[in-house]
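Dear colleague,

Please find below the structure that I am handing over to you. My notes on what was found in it follow directly after.

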Amino acid sequence: QVQLVESGGGLVQAGDSLRLSCAHCCGSFSMSNIAWFRQAPGKEREFVAAIYWGSGSTDYRDSVKGRFAISRDNAKNTAYLQMNNLKPEDTAVYYCAAGGRSMVVRSWQFWGRGTQVSVSS
C-alpha cells in the first residue's frame with residue numbers, strides 16, 4: 001500500500017519561500033504521477049500542481065504559475081513543491097497525492113495527511 005508523508009510546512013511572511021516534501025513509500029514512485037493539492041478552511045480541496053512520470057511534464061493552477069515549482073527525485077522517492085513569493089491566499093493545508101492523472105481530486109488514489117502552510121501579511 002502506497003504511503004505518502006508531507007513535511008516542510010510552517011508559518012511565514014508574505015514574500016517568503018517554503019519547500020514542501022512528499023516522501024513516497026511502498027510502491028513504484030518512479031512510475032507514479034504525483035500531485036499537490038491544498039485546502040483552506042471552509043473551502044474545497046483544490047489542485048495546485050502535478051508532475052507526470054515518464055515525460056516529466058508538469059501542470060499548475062493559474063494562481064501559482066511562476067511562483068511554485070513541482071519536482072521529483074526518483075532516487076529518493078520524494079517529490080517537492082518549491083513555493084516562492086508566498087501570499088496570504090496560499091494559506092492552506094497542503095496534501096500530496098499519487099496515482100491520479102488530472103486536476104480532479106477524486107481521480108487521485110493515494111493521499112498524505114497534509115502539512116500546514118500559513119502566510120501572514
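**Strands and sheet**

Strand 7 and strand 8 (residues 78-83) run antiparallel and are joined by six bridges. One residue pair illustrates the register: Arg 72 has Ala 79 in strand 8 as its bridge partner. Please bear in mind throughout that this is a predicted model.

These two strands belong to an open sheet of four strands, whose order is 1-3-8-7 and whose pairing is antiparallel. The edges of this sheet are formed by strand 1 (3-7) and strand 7 (68-73); each has a single partner strand, so one side of each is left without a neighbour in the sheet. From one strand to the next, the twist averages 15°. As background, the strands of a sheet pair through backbone hydrogen bonds, in either a parallel or an antiparallel manner.

**Disulfides**

Two disulfides are present in the structure. One of them links Cys 22 with Cys 96, at an S to S distance of 2.0 Å. Since Cys 22 belongs to strand 3 (residues 18-25) and Cys 96 to strand 9 (residues 92-98), this pair ties together parts that are 74 residues apart in sequence. The torsion about its S-S bond is about -75°, and the disulfide is therefore left-handed. Cys 22 is buried, its relative accessible area being 0%. Cys 96 likewise counts as buried, at 0% relative accessibility.

The other disulfide is formed by Cys 25 and Cys 26, with their sulfur atoms 2.3 Å apart. Here Cys 25 counts as partly exposed, at 34% relative accessibility, and Cys 26 also counts as partly exposed, at 49%. When the bonded cysteines of the protein chain are numbered in sequence order, the pairing reads 1-4, 2-3.

**The largest pocket**

How many residues line the largest pocket, and which of them lie nearest its centre? The lining comprises 13 residues, and those nearest the centre are Arg 38, Lys 43, Glu 46, Glu 89 and Asp 90. By character, the lining of this pocket divides into eight charged, three polar and two nonpolar residues. The space within the largest pocket amounts to about 200 Å³. In general terms, empty space of this kind is revealed by rolling a probe the size of a water molecule over the atoms.

With kind regards

Definitions and conventions: Residues are numbered from 1 along each chain as its sequence is written. This is a predicted model: local features need pLDDT of at least 70, side-chain atom pairs count only at pLDDT 80 or more; totals for chains, interfaces and linings use all residues. Side-chain values use heavy atoms; hydrogens and water are left out. A disulfide is a pair of cysteine sulfur atoms within 2.5 Å. Buried means under 20% relative accessible area, exposed over 50%, partly exposed in between (1.4 Å probe, protein chains only). Two strands pair if DSSP finds at least two bridges between them. Axes are lines fitted to C-alpha atoms, for helices over the stretch in contact, and angles run from 0 to 180 degrees between N-to-C directions. On a 1 Å grid over the protein atoms alone, a cavity is a set of points where a 1.4 Å probe fits but cannot get out, and a pocket is an open set with protein on both sides within 12 Å along at least five of seven lines; lining residues have an atom within 4 Å of a point. Grid points are joined across faces, edges and corners, and a volume is the space filled by probe spheres set on the points. Ala, Val, Leu, Ile, Met, Phe, Trp, Tyr, Cys and Pro count as nonpolar, Asp, Glu, Lys and Arg as charged, and the others, Gly among them, as polar.
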